Amino acid sequence: MVDHNEKILQELLKKPGNNVCADCGAGDPDWASYNLGIFICMRCASIHRGMGAHISKVKHLELDRWEDSQVQRMKEVGNTAAKHKYEERVPPCYRRPTKNDPQVLIEQWIRAKYEREEFCHPERQSYLSGSMEGFLMKRGKEDSRYQLRKFVLNENEDTLKYQHPSDTCGASGCLGRIYDRLRLKNYRLRYHVKEHKEPKGILKLSELNVSFAPAKIGHMNSMQLTFIKDGSTRHIFVYHEDPEVINCWYTAIRCAKLHLLQVAFPSTPQSDLLLRLPKDFAREGWLWKTGPRASDVHRRRWFTLDNRKLMYHDEPLDAYPKGEIFIGHESTGYHIKVSNTGNGCKEARFPFHLVTPERTFCLAAATHEDRAGWLSVIQQTLKRPLTPQDSTIEATLVRKRTTSNSISIFSGRWDCFLNTPMTS
């Protein structure tokens with residue numbers, strides 16, 4: 001039998017805004033934070049519990065007993081009013097998570113709202129300045145070891161640099177690491193680190209994509225940096241033990257890129273510029289690939305669809321792709337052919353062909369569901385109109401590298417993404 005308070009809570013769920021999670025947007029929330037006055041899903045409720053009862057007091061809508069005063073609090077606030085308060089000053093560059101996003105993104109969004117109250121107090125948003133320094137663990141290009149590297153973000157120079165920390169962890173080196181952990185807590189600490197004069201790498205922000213990569217890297221607080229180096233795509237994998245730090249780096253890169261776009265295209269609506277900020281890959285996973293000849297063997301490759309660029313690698317954490325395929329618009333000769341006949345590959349019995357004006361790529365998935373997923377995202381890409389930048393990529397993504405120069409997106413043309421030979 002439904003008691004009086006439970007009936008009131010069920011009626012409150014029907015109000016606009018209350019029928020989805022206040023934090024991630026998942027439908028039909030069955031939990032609530034009764035001191036904050038919001039309805040939330042089970043996943044977000046676990047994060048609220050982790051913050052402590054002094055921040056958020058969580059109850060299940062049906063399984064827990066509700067006091068009259070707690071129900072009254074839910075009636076007084078609700079999701080819409082709470083959003084107006086706790087999300088009042090969310091920066092445009094800040095990525096608002098959805099239900100399918102990585103745990104670190106959702107958790108830091110919740111902690112930023114209710115624990116740190118960053119969007120009520122803009123002075124606490126340390127990622128808006130266009131500059132940031134700190135230490136991250138970076139995966140080696142030639143091996144799988146992660147080593148400490150100092151990263152420096154500089155919006156004015158359009159760069160993200162990384163270099164060796166001090167050679168020994170003396171007083172100055174350790175102070176640098178302590179500073180990295182405390183800087184987000186509004187501490188001020190001067191330090192000097194003995195470092196190599198030249199950075200190990202210089203990444204252009206205008207050519208940089210950043211995405212969370214916990215499943216691929218095997219660490220909850222990890223990111224993948226993808227950029228252009230010597231005319232070819234390069235991947236860097238990093239992580240930090242503190243989830244707040246990695247999320248701060250992610251947001252700082254997004255904010256710096258938005259500032260650069262606003263300067264470069266002052267008349268373009270901000271809503272259009274936001275679409276150019278870093279995005280997660282449309283899809284990643286294993287596919288089998290073979291050459292155009294009947295005698296060519298199938299080889300297992302890790303595929304990544306980044307906007308209109310389909311890259312394939314020997315392994316998911318390779319520093320460079322083996323090849324890159326541009327996916328143009330269906331009106332210009334790009335299309336997919338699906339075959340339900342055998343393809344001679346025992347491991348992948350669900351083939352399909354990606355047809356481009358230059359070549360047909362023979363691919364195969366291990367399951368019907370996996371093939372359907374790839375077909376869906378590629379079809380969406382084929383139907384999406386090309387931007388001028390897309391056309392530039394199409395013209396320069398050739399089967400043999402013809403130049404090592406890359407062009408900034410802020411120059412009117414976009415990055416020169418150049419292709420390596422299309423080998424299996």
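Which residue in strand 17 is the bridge partner of Leu-354? In this predicted model, the bridge partner of Leu-354 in strand 17 is Phe-361. That pair belongs to an open sheet of 7 strands with antiparallel pairing; a further open sheet is formed by 3 strands, likewise paired in the antiparallel sense. The points below cover the two sheets, the helices that pack on them, two helix-helix contacts and the cavities.

**The sheet of 7 strands**

- Strand 16 (residues 350-355) and strand 17 (residues 360-365) are joined by 6 bridges and pair in the antiparallel sense.
- Across the sheet, the strands follow the order 14-13-12-11-17-16-15.
- Strand 14 (323-326) and strand 15 (335-338) each have a single partner strand and stand at the edges, so one side of each is left without a neighbour in the sheet.
- From one strand to the next, the twist of this sheet averages 35 degrees.
- Helix 10 (residues 368-383) packs on the sheet, where it touches strand 11 (283-290), strand 12 (299-306) and strand 13 (309-313), as well as strand 15, strand 16 and strand 17.
- The direction of helix 10 makes about 100 degrees with that of strand 11.

**The sheet of 3 strands**

- The strand order in this open sheet is 2-1-3, with antiparallel pairing.
- Strand 2 (38-40) and strand 3 (58-60) are the edge strands, and each pairs on one side only.
- The twist of this sheet averages 30 degrees from one strand to the next.
- Strand 1 (residues 31-33) runs antiparallel to strand 3, and 3 bridges join the two.
- Within this pairing, Ala-32 has Lys-59 of strand 3 as its bridge partner.
- Helix 2 (residues 42-51) lies across strand 1, strand 2 and strand 3, and runs at about 115 degrees to strand 2.

**Contact of helix 1 with helix 3**

- Helix 1 (residues 4-12) packs against helix 3 (residues 68-76) at an angle of about 10 degrees, and their axes are 10 Å apart.
- Because of this angle, helix 1 is roughly parallel to helix 3; angles under 35 degrees fall in that class.
- Helix 1 contributes Asn-5, Ile-8, Leu-9 and Leu-12, which meet Asp-68, Val-71, Met-74 and Lys-75 in helix 3.
- By class, this contact of helix 1 with helix 3 comprises 5 nonpolar, 1 polar and 2 charged residues.

**Contact of helix 5 with helix 8**

- The axes of helix 5 (residues 103-115) and helix 8 (residues 243-264) cross at roughly 95 degrees and come within 10 Å.
- Helix 5 is therefore roughly perpendicular to helix 8, a class that spans 65 to 115 degrees.
- On the side of helix 5, the contact is made by Val-104, Leu-105 and Gln-108; on the side of helix 8, by Pro-243, Glu-244, Ile-246 and Asn-247.
- The residues in the contact of helix 5 with helix 8 are 4 nonpolar, 2 polar and 1 charged.

**Cavities**

- The count of cavities of 30 Å³ or more comes to 2.
- The volume of the largest cavity is about 40 Å³.
- Its lining consists of Lys-138, Arg-139, Gly-140, Lys-141, Arg-234, His-235, Ile-236, Phe-237, Leu-317, Asp-318 and Ala-319.
- Strand 4 (131-139) and strand 10 (232-239) each supply at least two residues of the lining of the largest cavity.
- Strand 10 provides the largest share of that lining, with 4 residues.
- By class, the lining of the largest cavity has 5 charged, 4 nonpolar and 2 polar residues.

Notes:
Residues numbered from 1 in each chain as written. Predicted model: local features only at pLDDT ≥ 70, side-chain atom pairs only at ≥ 80, totals over all residues. Heavy atoms only, no water. Axes fitted to C-alpha atoms, helices over the stretch in contact; angles between N-to-C directions. Parallel < 35°, antiparallel > 145°, perpendicular 65-115°, else oblique. Contact = heavy atoms within 4.5 Å. Nonpolar A, V, L, I, M, F, W, Y, C, P; charged D, E, K, R; others polar. 1 Å grid on protein atoms, 1.4 Å probe; cavity = no way out; pocket = protein on both sides within 12 Å on 5 of 7 lines; lining within 4 Å. Points joined across faces, edges and corners; volume = space filled by probe spheres on them. Pairing = 2+ DSSP bridges.
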